[in-house]
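Here is a briefing on one protein chain. Start with the charge pairs, then move to the cores, one helix and an annotated site.

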Amino acid sequence: MKNIVVLISGNGSNLQAIIDACRTNKITGNVVAVFSNKADAYGLERAKQADIPAYFVDPSQFNDRADYDKALIEKIDIYQPDIVVLAGFMRILSSNFVTHYQHKLLNIHPSLLPKYPGLHTHRQVLANKDSFHGVTVHFVTEELDGGPMILQARIPVLPDDTEQSLQARIQIEEYRIYPLAISWLAEDRLTMKNNQAFLDDIALFGSLD
C-alpha cells in the first residue's frame, strides 16, 4: 500500500474523492496526511473526519516561498510519501519542492492543457466561445501547469453555461479521473521519462519537448 500525502487550500472535494477511492480499494494506497496553506480550508475538516492527520502550515511564518517549501518538505517527509497529490493547492511551488518529489508529484488542472494554464479557466472558455472544456491530470514540473499530461476528460460547452455550471460539471470529471491516475501511480504502472508520461510503458499524449 502506497503512502499518499495530499496538499489543499480549500473545500477539499477532490481530497474526499481520493479518500473514498482508497477506502473502496480503487487506489492501492492510503492518504496518510493532509496539509493546507489556509487555516480555514474545509479539506482539513474532511481529513479529521476520516481520522487522517491534518495540518495548517502558515505561510506568514516564513520569510519567502523557499523557506516555506523547505519546512513543508520536512513535515511531509515524516510520512514517507510514495505519492504527493496537489488537490486545489493554490501556491506556486519552488523548484526545490518540485525536484524533491519529482516523478511522484501530481496535479489536476481545470482545462484541456496546454490551453489555459493558470487561473480563471472557465471564464476564458466562455469568453473564447470554445465548444469544449475539460480537465487534465499531469505530473508537476517547474513549468506552471506544464508537466507531462497523464489523463484528460472533455465536456461540451452548452449554450446556457456559466462559470459556475462549467465548474460543477468539470468537478464531476475531476472526481472520476484523478483517483484513476493516482491508482496507476500507486500500482507502479505510471511513470515519467524524458518529460513524458507513460502507462504500462506506452506513451501518453505527445512529447512536450
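**Salt bridges, cores and an annotated site**

The count comes to eight salt bridges, each a side-chain nitrogen of Lys or Arg within 4 Å of a carboxyl oxygen of Asp or Glu. This is a predicted model: local features need pLDDT of at least 70, side-chain atom pairs count only at pLDDT 80 or more, and totals for chains, interfaces and linings use all residues. Residues are numbered from 1 along each chain as its sequence is written, and side-chain values use heavy atoms, with hydrogens and water left out.

**Salt bridges**

- K115 pairs with D130, with the closest N and O atoms 3.1 Å apart. This pair links distant parts of the chain, 15 residues apart: K115 is in the loop between β5 and α5 (121-127), D130 in the loop between α5 and β6 (132-139). Helices (H or I, at least four residues) and strands (E, at least two) are DSSP runs, numbered from the N terminus.
- K115 is partly exposed, with a relative accessible area of 40%. D130 counts as buried at 14%. The cut-offs are under 20% relative accessible area for buried, over 50% for exposed, and in between for partly exposed (1.4 Å probe, protein chains only).
- E163 forms a salt bridge with R123, the closest N and O atoms being 3.2 Å apart. E163 lies in helix α6 and R123 in helix α5, 40 residues apart.
- R189 and E187 meet at 3.8 Å, N to O. E187, R189 and D200 form a network of salt bridges.

**Nonpolar cores**

- The largest nonpolar core (buried Ala, Val, Leu, Ile, Met, Phe, Trp, Tyr and Cys residues joined through side-chain atoms within 4.5 Å) has 45 residues. I4, V6, V31, V34, I150 and I182 touch the most other members.
- Helix α6 (residues 163-186) gives the most to this core, with nine residues.
- Another core, of 20 residues, lies apart from it and includes V57, L86, L93 and V98.

**Helix α2**

- In helix α2 (residues 42-49), G43, L44, R46 and A47 are the buried residues. They fall within an arc of 155 degrees seen down the axis, so they line one face. The arc is that of the directions from the helix axis to the C-beta atoms.
- The face turned away from the buried side carries exposed K48 and Q49.

**Annotated site**

- UniProt lists H109 for "active site" in an unreviewed entry. Positions follow the numbering used here, feature names are shortened, and annotations may be inferred rather than shown by experiment.
- H109 is found in strand β5 (residues 105-109). H109 counts as buried at 4% relative accessibility.
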